[in-house]
There are 2 protein chains.
Amino acid sequence: MIDPAAPPTSDPIAELLTTYNELNSSSIDELTEIPSPLEFMRYVSRNRPFVVRGGASDWKATRTWSVDVLKERMAGMRVNVAITPKGTVPCALRRGGGGEGGSADRIRNADAPVKSEDGEMLLVKPWEEEQDFAQFMDFVIRQEGSGEMNGENITSSAVSTNPSAENDNLRNEYSELFTDVDPSIPFARIALQKAPEAINLWIGNSHSVTALHKDNYENIYVQIIGQKHFVLLPPLAYACVNEREMGPASYVRGEGKGELLVKREDGGRVPFALWDPDGLGGEGTRYSGLARPVRVSLGKGDMLYLPALWHDMEFGGSFYPFCGFARNVALGAVVD
Amino acid sequence: MIDPAAPPTSDPIAELLTTYNELNSSSIDELTEIPSPLEFMRYVSRNRPFVVRGGASDWKATRTWSVDVLKERMAGMRVNVAITPKGTVPCALRRGGGGEGGSADRIRNADAPVKSEDGEMLLVKPWEEEQDFAQFMDFVIRQEGSGEMNGENITSSAVSTNPSAENDNLRNEYSELFTDVDPSIPFARIALQKAPEAINLWIGNSHSVTALHKDNYENIYVQIIGQKHFVLLPPLAYACVNEREMGPASYVRGEGKGELLVKREDGGRVPFALWDPDGLGGEGTRYSGLARPVRVSLGKGDMLYLPALWHDMEFGGSFYPFCGFARNVALGAVVD
């Protein structure tokens with residue numbers, strides 16, 4: 001137990017982490033029903049995530065979407081996609097938009113850092129371009145099916161250069177599909193007294209990875225198809241994530257259909273968390289070993305509350321990823 | 001605004017305090033109606049106090065209590081009182097009981113620190129003894145009326161040596177009066193999913209002061225008669241309060257009806273906040289000037305939510321203190 005009368009410790013950061021671990025579980029609360037606004041507010045108050053198993057299983061999107069349905073509904077439409085070069089680590093994609101007050105904290109589509117020719121560490125945002133939706137879907141499925149990683153990585157993205165609440169792709173470029181999801185999450189809207197600032201649709205495959213990052217806003221994440229795995233760290237694990245300042249940069253497409261090249265951008269340096277809680281690379285700090293990441297996998301219809309300022313890292317399901325699901329549906333197979 | 005990309009500052013404590021001041025008002029939210037459990041939970045979530053003007057004005061206690069009524073109801077009963085010697089600073093009285101996990105953090109009835117003969121700073125708890133309730137009330141009124149400060153200071157107290165949820169005087173020694181108050185505060189009970197752990201009645205006069213302290217538990221304070229003035233500091237103002245470790249001690253009554261003497265107790269040193277936000281003595285730190293104390297005065301029927309871990313200092317009303325009220329009622333005057 002905490003003894004407030006104990007003398008100051010020589011390492012308050014270590015003590016903060018240790019005490020938090022003693023007082024909080026590293027497993028996530030699993031609800032089987034949508035919480036009331038008051039029950040939700042208790043989680044907001046404690047700044048703790050939870051998952052509602054099957055919380056969105058009756059959404060029309062959850063009941064009806066498949067690759068074929070999406071292609072049909074989005075026929076002829078062009079969407080914004082985020083592209084990183086072949087051979088890099090899997091594309092690290094962040095949600096864009098939402099939140100209050102745009103800030104340099106919102107690194108989005110952050111790939112692994114790249115060292116520039118003059119030795120500066122750069123954080124390189126993906127190249128964004130419009131593609132035909134069906135062409136994009138075909139790429140996502142082909143890459144998943146072949147395991148091929150020597151093409152470019154492409155992920156659907158709502159991200160523009162200046163993130164703001166207008167990065168809201170399900171109410172904009174994907175508005176055709178918006179009627180299939182609930183327009184708000186009532187328990188959160190009532191508790192927080194705010195309509196959603198942004199509603200985004202993300203499409204990727206098992207190669208899609210989002211680097212460890214944090215957002216300024218409360219987030220409700222709903223899995224429509226496939227699986228996604230989250231690794232979560234509370235805000236106070238800040239000393240574990242090894243945040244470093246990097247130069248801002250973007251990939252830009254060379255002449256015609258040329259290669260993606262790194263271009264240093266103007267503007268101040270941006271912070272990036274180097275540590276990978278899964279130990280798959282990414283240097284930690286002397287405190288990283290004290291972090292107790294909370295891991296949760298979302299399946300079809302599951303709903304995750306991710307509190308503001310938590311650090312999260314996400315990656316596509318390797319067992320039932322989007323396209324595996326699509327293939328199984330096409331073959332008439334039943335997915336778990 | 002906060003710029004999360006800003007380089008680390010040389011003084012993170014100063015920046016924490018300054019940023020908090022920018023984001024939060026130093027005035028308290030004033031409600032005119034009891035909040036719903038959800039509205040209450042929003043305050044808990046933001047760890048911010050509020051006051052409900054007249055929130056308890058329909059309680060039987062608020063409507064009917066006076067010195068004469070209390071004396072009649074408590075006739076012949078003996079109660080625990082806390083006594084400090086004459087001539088010291090006004091008795092600093094803390095709420096006892098409630099909360100989870102007894103800890104040395106709960107300095108109760110903390111008088112100003114006293115230096116022992118061998119130079120050790122001691123935090124001296126009051127002497128506690130039983131008195132006839134009417135005798136205690138007579139003392140409180142006589143002291144208020146004469147302004148005499150060269151008697152002993154006596155305050156009613158639920159405090160025992162080992163604080164715990166059983167320090168709950170309104171359901172114990174004052175149980176005769178318990179039917180006159182609401183047995184719980186429904187919005188808090190529903191939101192926090194807990195019945196009150198302790199319900200305490202405090203009686204004092206305008207000389208009653210509670211030194212700056214903090215508690216581990218959520219507190220709803222209801223003013224039944226008179227006024228009380230609070231000076232509140234958020235938990236992150238910790239660096240302002242100049243907490244020091246002191247030796248535990250108690251006043252003990254000498255032989256017979258003898259003088260109160262300081263007795264060093266066994267046990268670990270206990271923390272005590274030296275700073276007085278009102279600048280009436282009590283040394284600060286180099287951060288104290290950055291604190292923005294929240295001040296609120298409670299009148300008859302007002303209700304204050306004091307979030308867990310806030311620092312609070314309380315003192316009796318100097319304009320309409322308990323006995324002023326009692327005198328006015330006796331004289332048939334109307335007290336606003």
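**Close-up views of a predicted two-chain model**

**Figure 1. Pairing of strand 9 and strand 15 in chain A.** Strand 9 of chain A and strand 15 of chain A (residues 303-306) are antiparallel partners, held by four bridges. Within this pair, I220(A) lies opposite Y305(A) of strand 15 of chain A. As in the other views, the coordinates come from a predicted model. Both strands belong to an open sheet of four strands in chain A, with the order 1-2-15-9 and mixed pairing. At the edges of this sheet are strand 1 (29-31) and strand 9 (219-222) of chain A, each paired on one side only. The average turn between neighbouring strands of the sheet is 20 degrees, direction ignored.

**Figure 2. The four-stranded open sheet of chain B.** In chain B, four strands in the order 1-2-15-9 make an open sheet with mixed pairing. Strand 1 (29-31) and strand 9 (219-222) of chain B are the edge strands; each has a single partner strand, so one side of each has no neighbour in the sheet. Neighbouring strands here are turned against each other by 20 degrees on average, direction ignored. Strand 1 of chain B runs parallel to strand 2 (residues 50-52) of chain B, and three bridges join the two. One residue to locate in this pair is D29(B), whose bridge partner in strand 2 of chain B is F50(B).

**Figure 3. Strand 10 of chain A, a buried strand.** Strand 10 (residues 228-233) of chain A is largely enclosed by the rest of the structure, because six of its six residues are buried. In a regular strand, side chains alternate between the two faces of the sheet. In strand 10 of chain A, K228(A), F230(A) and L232(A) point one way, while H229(A), V231(A) and L233(A) point the other way; all are buried. The strand runs antiparallel to strand 14 (residues 294-298) of chain A, to which five bridges join it. K228(A) has L298(A) as its bridge partner in strand 14 of chain A.

**Figure 4. Surroundings of E120(B).** E120(B) sits in the loop between strand 4 (114-115) and strand 5 (121-125) of chain B. The relative accessibility of E120(B) is 18%, so this residue counts as buried, the limit being under 20%. Leaving out residues up to four places away in sequence, E120(B) touches V114(B), K115(B), G247(B), R264(B) and R269(B). With R269(B), the side chain of E120(B) makes a polar contact of 3.1 Å. Q143(B) is 23 residues from E120(B) in sequence, and their C-alpha atoms are 32 Å apart in space.

**Figure 5. F133(B) and the largest nonpolar core.** The largest nonpolar core has 88 residues, of which W65(A), F133(A), Y174(A), W65(B), F133(B) and Y174(B) touch the most other members. With residues up to four places away in sequence not counted, the contacts of F133(B) are L70(B), K71(B), M74(B), M77(B), V79(B), Y174(B) and I203(B).

**Figure 6. Helix 2 of chain B and the residue after it.** Helix 2 of chain B covers residues 37-46, and its buried residues are L38(B), F40(B), M41(B), R42(B), Y43(B) and V44(B). N47(B) follows this helix and has a positive phi, near 55 degrees.

**Figure 7. Chain A as a whole.** Chain A contains eight helices and 16 strands. Of its 336 residues, 51% are buried. The exposed area of chain A is about 15,300 Å², with 53% supplied by carbon and sulfur atoms.

Methods: Residues numbered from 1 in each chain as written. Chains lettered and ligands numbered in written order. Predicted model: local features only at pLDDT ≥ 70, side-chain atom pairs only at ≥ 80, totals over all residues. Heavy atoms only, no water. Buried < 20%, exposed > 50% of the residue type's maximum accessible area, 1.4 Å probe, protein only. Areas by Shrake-Rupley, 256 points an atom, 1.4 Å probe, with all protein chains shown as cover. Pairing = 2+ DSSP bridges. Axes fitted to C-alpha atoms, helices over the stretch in contact; angles between N-to-C directions. Core = buried A, V, L, I, M, F, W, Y, C linked by side-chain atoms within 4.5 Å. Contact = heavy atoms within 4.5 Å. Polar contact = N/O pair within 3.5 Å; in protein donor to acceptor, adjacent residues only side chain to side chain.
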